Amino acid sequence: MNKVQFQSGLSLPTFLKRYGSEAQCKTALQHARRPDGFVCPRCQARAATQFIRYGHRYWQCVAYRRQTSMRSGTLMEQSKLPLRTWLLAMYLLGQSKTNLSALELMRHLGVSYPAAWRMKHKLMRAMAEREARRQLGSVVQLDDAYLGGERNGGKAGSGPENKRPFVIAVETADDGRRRFAVIDPVPAFSKAALAQWNSHRLRPGSDVYSDRLGAFRAL
Ligand SMILES: [Zn+2]
């Protein structure tokens, strides 16, 4: 049994127990976005009046009358779908090891196809944007990997033919737990390509472990 494949996640029954109702989802969003209560995004004021519009609660700051809802500034801002539908979409997309199609999402969520398609693309883009900026630090393990191309062939010792090279890096906590992983395509395993990857992905002062691939040693 592979430890990574068999690690425990959040089961669907547990997810539904925690985030199955609209009230639970609202509380979760409130804890995530406003752990210390309302703060106006424009003037940082804490004093506000509240009102309900189209079923959503709004806060209006006393100083500038700026109106914000719990969804303002999130990718759910323009959406009329319930929060529990959004959170279930996040759960399903996050749990799927193979790419979940918009059609499958439509069936699971009970929404229209265009709605499922929009949700999927907004969530995937938000995840990609967050991961694009991710930097690994403390203890990082590196390896080279290849995807696609012919399984066999190519000259001996020249590396896999027609395969796309990737760097795989994993950040490990002091207790040995894996925290984050990045998988980045690189043009080649050259010193120049890896130096560029290094400046983008690794925090200065990290301990890096790898095999003896020449380009990695240059890091
Ligand atoms: Zn304000």
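Let me start with the zinc ion, which in this predicted model is coordinated by the SG atoms of three residues, Cys40, Cys43 and Cys61, at 2.2 to 2.3 Å. If you follow these donors along the chain, you will find that they have the spacing C-x2-C-x17-C. Now consider cysteine 43 and cysteine 61 as a pair, since they are 18 residues apart and link distant parts of the chain: cysteine 43 sits in the loop between α2, residues 22–33, and β1, residues 48–53, while cysteine 61 belongs to strand β2, residues 56–61.

Are these two cysteines buried or exposed? Cysteine 61 has a relative accessibility of 1%, and it therefore counts as buried, because buried means under 20%. Cysteine 43, on the other hand, has a relative accessible area of 25% and so is partly exposed.

Let us turn to the nonpolar cores. The largest one has 25 residues, and those that touch the most other members are Leu88, Ala89, Leu92, Leu105 and Leu109. At least two residues of this core come from each of α2, β2, α3 (83–95), α4 (102–109) and α5 (113–132), and it is α3 that gives the largest share, with eight residues.

To see what this looks like around one residue, please find leucine 105, which, if we leave aside its neighbours within four places in sequence, is in contact with Ala89, Leu92, Leu93, Leu100, Ala116 and Lys120. Finally, apart from the largest core there lies another one, made of 13 residues, and Phe189, Trp197, Leu202 and Ala215 are among them.

Technical notes: Residues numbered from 1 in each chain as written. Predicted model: local features only at pLDDT ≥ 70, side-chain atom pairs only at ≥ 80, totals over all residues. Heavy atoms only, no water. Donors = N, O, S within 2.8 Å, 3.2 Å for Na, K, Ca; no water. Helix = DSSP H or I, 4+ residues; strand = E, 2+ residues; numbered from the N terminus. Buried < 20%, exposed > 50% of the residue type's maximum accessible area, 1.4 Å probe, protein only. Core = buried A, V, L, I, M, F, W, Y, C linked by side-chain atoms within 4.5 Å. Contact = heavy atoms within 4.5 Å.
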